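Have a look at the sequence and the fold before reading on. We'll walk through the sheet, one helix packed against it, and a few backbone oddities.

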Amino acid sequence: MTPTRVEIVPARRRGVTGYVNVGRGWRLGNPFVVGDPLNAADCVTAYRLMLSLSPDVQAEARKLLDREWPDGVIRLGCPCNGVEKGQPCHATVIKEYLEAEIARRG
Ligand SMILES: [Zn+2]
């Protein structure tokens with residue numbers, strides 16, 4: 001089904017399935033690591049800037065729009081602590097990008 005919404009779910013948790021893992025190690029993972037000098041919010045800001053400047057990362061994200069998703073919901077699985085705490089993380093940035101693309105495509 002053509003995706004109409006995007007959700008973020010905790011990755012690698014028992015019973016949570018049907019998501020694409022946006023953790024580290026591939027193009028949609030966040031290369032920025034929390035620790036001096038970057039805090040969690042800085043890493044989200046840095047990822048947002050990277051996504052906005054990188055056609056390759058944008059293209060990888062847009063590939064998700066062409067997959068078949070049950071219920072039309074793209075599920076981004078992120079293994080970071082932010083998801084567990086309900087705080088924004090780089091998956092939030094991907095979600096916002098995809099939602100804008102969905103709206104643009106109508
Ligand atoms: Zn995350």
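## A walk through the model

One spot to find first is Pro 37, which sits in the loop between strand S2 (20-21) and helix H1 (40-53). The peptide bond leading into it, from Asp 36 to Pro 37, is cis, with omega near 10°. For background, most peptide bonds are trans.

Keep in mind that this is a predicted model. The protein chain averages a pLDDT of 94, and 100% of the residues score at least 70. Among the elements, helix H2 (residues 55-63) has the highest mean pLDDT, 98, while helix H3 (residues 81-85) has the lowest, 83.

Now for the sheet. It is an open one, made of 3 strands in the order S1-S3-S2, with parallel pairing. S1 and S2 stand at the edges with a single partner strand each, so one side of each has no neighbour in the sheet. Between S2 and S3, which run parallel, there are 2 bridges. If you want a pair to look for, Val 20 stands opposite Leu 76 in S3.

Helix H4 (residues 90-105) packs on this sheet, where it touches S1 and S3. The direction of H4 makes about 165° with that of S1. How far apart are the end C-alpha atoms of H4? They are 23 Å apart, and this agrees with the 22 Å that its 16 residues should span at 1.5 Å a residue.

Which residues of H4 are buried? They are His 90, Ala 91, Val 93, Ile 94 and Lys 95. The cover over these buried residues includes S1, H1, H2, S3 and H3. Just after H4 comes Gly 106, with a positive phi of about 70°.

Glycine isn't alone in having a positive phi here: Arg 12 has one too, although Arg 12 is not a glycine, and so does Asp 71, another non-glycine. As a rule, most residues other than glycine have a negative phi. Here are the two side by side:

| Residue | Phi | Place |
|---|---|---|
| Arg 12 | near 60° | loop between strand S1 (5-10) and S2 |
| Asp 71 | about 65° | loop between H2 and strand S3 (73-78) |

Are these residues buried or exposed? Arg 12 is exposed, because just 11 other C-beta atoms lie within 10 Å, and the cut-off for exposed is 12 or fewer. Asp 71 has 12 other C-beta atoms within 10 Å, so Asp 71 counts as exposed as well.

Note on methods
Residues are numbered from 1 along each chain as its sequence is written. This is a predicted model: local features need pLDDT of at least 70, side-chain atom pairs count only at pLDDT 80 or more; totals for chains, interfaces and linings use all residues. pLDDT is the predictor's confidence in each residue, from 0 to 100. Helices (H or I, at least four residues) and strands (E, at least two) are DSSP runs, numbered from the N terminus. A residue is buried if 20 or more other C-beta atoms lie within 10 Å of its own, exposed if 12 or fewer, and partly exposed in between; C-beta atoms are placed from the backbone. Two strands pair if DSSP finds at least two bridges between them. Two residues are in contact if their C-beta atoms, placed from the backbone, lie within 7 Å. Axes are lines fitted to C-alpha atoms, for helices over the stretch in contact, and angles run from 0 to 180 degrees between N-to-C directions. The expected span of a helix is 1.5 Å times one less than its number of residues.
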